[in-house]
Structure formats: structure tokens, C-alpha cells
Amino acid sequence: MKLFVTLLGKGGDPTVLNDKLETCLHCVCSQSTNAEVRAAIMEILLQWRGDPLQGHAEEKVSLNRVDIDGNTAIHLAASNGLFSCCLLYTSDAADDMQCV
């Protein structure tokens with residue numbers, strides 16, 4: 001966890017995709033071990049915003065990004081029993097919705 005926070009603090013970009021088109025959110029939700037740590041990391045990822053000095057202050061991790069298999073991070077969280085991650089995901093998604 002400490003390493004993860006340090007990497008973000010040093011300019012690490014959690015929006016970068018791996019070769020399976022996964023974001024950090026996908027990777028966090030891809031296994032069922034250490035559910036509490038995964039939820040804590042997810043909470044940090046959901047609060048992350050891009051570097052304002054680089055003109056990316058509004059940038060954030062995408063909740064809707066689909067991996068090579070067509071899964072979003074919430075699909076992986078649900079299939080791995082990460083209930084806390086699912087709650088964080090849906091709470092953040094609800095915050096992003098605009099009422100008309």
C-alpha cells in the first residue's frame with residue numbers, strides 16, 4: 001500500500017492500460033485476496049485526479065473502461081466477491097451522474 005501511494009505521489013498515472021487493456025481498477029479487482037487492502041487502494045484510485053500542472057486536473061480513472069474480455073472493474077469485483085469494492089464503485093459512479 002505504501003509503495004502504491006508513493007508511486008501516485010511521484011506522478012504515476014493510474015489511467016495507463018496494460019496489454020490486456022486493464023486499468024489499475026481492473027487489476028485491483030481481479031483477485032479475491034486481501035479484500036480490505038484492495039478496497040483501500042480502490043478508494044485512493046477513485047479520489048485520484050490528474051496533474052493540474054500538466055493540464056489534466058479533471059482527469060480521473062474511468063469506471064467504464066472495458067478490458068480485452070469486455071469486463072469493467074465492477075464485473076471483476078463482483079465475480080471475486082469484493083463487496084466493499086463494488087460499493088465504492090457504485091457510490092463513485094452515482095456521484096458522477098448528473099440529474100436533469
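A nonpolar core is a set of buried Ala, Val, Leu, Ile, Met, Phe, Trp, Tyr and Cys residues joined through side-chain atoms within 4.5 Å. Keep that handy for the exercises below, and remember that this model is predicted.

**Exercise 1.** Find out which residues touch the most other members of the largest nonpolar core, and which helix gives the most to it.

*Solution.* Start with the core itself: it has 20 residues, and L25, C29, M42, L45 and C85 touch the most other members. Next, look at where the core comes from. Helix 1 (2-9), helix 2 (24-28), helix 3 (35-47), helix 4 (73-79) and helix 5 (83-96) each give two or more residues. Helix 3 gives the most, with five residues. Now zoom in on C29: leaving out residues up to four places away in sequence, C29 touches M42, A73, L76, A77, N80, L82 and C85.

**Exercise 2.** Decide whether H26 is buried or exposed, then list what H26 touches.

*Solution.* First, place H26: it sits in helix 2. Its relative accessible area is 1%, and buried means under 20%, so H26 is buried. Then check its neighbours. Skipping residues up to four places away in sequence, H26 touches L21, R65, V66, D67, N71, T72, A73 and L76. With R65 there's a bit more to say: the side chain of H26 reaches the backbone oxygen of R65 at 3.2 Å.

**Exercise 3.** Work out how K20 and D69 sit in sequence and in space.

*Solution.* Begin with K20, which is in the loop between helix 1 and helix 2. K20 has a relative accessible area of 46%, so it counts as partly exposed. K20 and D69 are 49 residues apart in sequence, yet their C-alpha atoms are 8.2 Å apart in space. Finally, beyond residues up to four places away in sequence, K20 touches D67 and I68.

Note on methods. Residues are numbered from 1 along each chain as its sequence is written. This is a predicted model: local features need pLDDT of at least 70, side-chain atom pairs count only at pLDDT 80 or more; totals for chains, interfaces and linings use all residues. Side-chain values use heavy atoms; hydrogens and water are left out. Buried means under 20% relative accessible area, exposed over 50%, partly exposed in between (1.4 Å probe, protein chains only). Helices (H or I, at least four residues) and strands (E, at least two) are DSSP runs, numbered from the N terminus. Contact means heavy atoms within 4.5 Å. A polar contact is a pair of N or O atoms within 3.5 Å; within protein, one must be able to donate a hydrogen and the other to accept it, and residues adjacent in sequence count only if both atoms are side-chain atoms.
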